[in-house]
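I set out to record how the strands pair in this structure, and then to look up one helix and one tyrosine. The entries follow in the order in which I made them.

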Amino acid sequence: MKQRPRILSAAKTASYMGAIVALGVSGPAQAETLRDALVAVYNDNPTLEGARASQRATDEDVPIQRAPGLPSVNVTATHLEFLRQSANSFTAPERNLGVNAQVLVPIYSGGAVRNGINAAQERVAAGQADLRATESSVFSQTVAAYMDVLRTEALAQLSANQVEVLRVTFQSTSDRFEIGDLTRTDVAQAQSRLAVAEGDLRSAYANMIAAQQTYIQLVGRAPMGLEAPPPLPGLPETVGMAVVTALDNNPDLIAAKERAEAAGYDTEVAGSGRLPTIGLFANYDYSNFFGTLGGPIASDFQQREATANAGVRVTIPLFQGGRPAAQQRQAGARESAALEQVIATERSVIAQTRSAYSNWAASNAVIASSQTAVEAAELSLEGVRAENSIGNRTIIDVLNAEQELLSARAQLVTARRNAYVAGFTLLAAMGKAEARDLNLDTGGPLYDPQVNADRVSGRFWDWDRDPEAAANSTRTVDINTSDDFIGPVLDPNEAR
């Protein structure tokens, strides 16, 4: 004989609701705002910290490109032990110490150094724009995660409430069946809806746990009593205004333009291989035979000597097998690719901006219609229940009305989430979704990548070092959530 579907007890449903309250509706002392979450991300997100470190590495390309244009000093010391001497050499030494000191001062390198520095500076600017894009992207993910936590908590609460409502409906239907007022079909319909609602509650709670884990991954701490987000600043009135702002401020487009400029300088660097180079040099040589030069008559020879010379070296390349021309053609092709990438990025920015604006406007319209749907569904459910009490409506009508109200409320919750996320995505596409635009109080000055670029650009000491590398972000391995409320995994066959 088939068993009745397993129904969650009232205590089990209460445990789900308690978990929702514990994870999502904490007291005021533990409440967290969207601004708090964004500040935590700004100060502690590993993706953002890694992007800043990568930009500091890019900053070093400027002094690296400048180094070939600066003087260089080298000292070479060589000690020789002559293990076997020529039989015809009567003055061969047994050992020798030679020291050579060389100073090179480049004067002209065909423009390779100058253009290399310019290309590096352009890539620093492109990297700073990329850092802005990373910050905007991480903030967008955080806003979506924040809103997803609010949405999944609300949907889990709605699901828990629906289970309670359907349990009452199932119980009253069973009671009326016992007195012959309803049929077994009515009881089965109520029981089926309750079982489905309990399954939906488990899924809703699992979705809530997943949303919280994404939040923890980004923010570095568990969501505690998240408050409703504030209105978004600076949203455009028209899509045309949004596109114009995006074309001026989008960091991805700015980075693409800077890279195209750098590629132009690379072409000049490649062409410099055909030009003459001029440099000054000075050499100092010291040699010491330790009294072994001349063998038996060593006293007749000078055992130590020193020489010095200086001059100008001009190198004129005449033929290099076509290498410089190939390098310049290669660099020119890469410059063309970079220029095409600017157009591709511009197209992408326009498409993203228009799409985000459309989603934002559509979600706002859905909010308005969903509010109307909720109000109408509430009135409809109230009327159907009243008509059922006098026999003019069936149980299935009541169940359908309850389901319509739940769907309308869920649609409203989702629409509010979608509208906010779409609005922030629009700001990100416009280049207006960074800490400087949101007036975040980060506990100190905002991170300025230009400070490090200025710090390292003029450094030339070979032994200059920064502190040892270390991670700044905190780990989340010790952050726990109440996913144990999801309960044991049930065998589907047990419900048959």
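Before I list any pairing, I note that two strands pair if DSSP finds at least two bridges between them. The model I examined is predicted.

Entry 1, strand pairing. I looked up strand β3, residues 277-288, and its link to strand β2, residues 95-108: the two run antiparallel and are joined by 11 bridges. Within this pairing, I found Gly279 of β3 to be the bridge partner of Pro106. I then turned to strand β4, residues 304-315, and found that β3 pairs with β4 over 12 bridges, in the antiparallel sense. One position that I noted here is Asn283, which stands opposite Asn309 in β4.

Entry 2, a residue of β3. I chose Tyr284, which lies in strand β3. Is Tyr284 buried, exposed or partly exposed? I recorded a relative accessibility of 40%, and because partly exposed covers the range between under 20% for buried and over 50% for exposed, Tyr284 counts as partly exposed. Leaving out residues up to four places away in sequence, I listed its contacts: Tyr284 touches Val99, Asn100 and Ala101, as well as Ala306, Thr307 and Ala308. I also took the C-alpha to C-alpha distance from Tyr284 to Val398, which is 102 Å in space for 114 residues in sequence.

Entry 3, helix α6. I looked up residues 184-219, which form helix α6 with its 36 residues. From first C-alpha to last, α6 reaches 52 Å, close to the 52 Å expected at 1.5 Å a residue. Just after α6, I noted Gly220, which takes a positive phi of about 90°.

Definitions and conventions
Residues numbered from 1 in each chain as written. Predicted model: local features only at pLDDT ≥ 70, side-chain atom pairs only at ≥ 80, totals over all residues. Heavy atoms only, no water. Helix = DSSP H or I, 4+ residues; strand = E, 2+ residues; numbered from the N terminus. Expected span 1.5 Å × (residues − 1). Buried < 20%, exposed > 50% of the residue type's maximum accessible area, 1.4 Å probe, protein only. Contact = heavy atoms within 4.5 Å.
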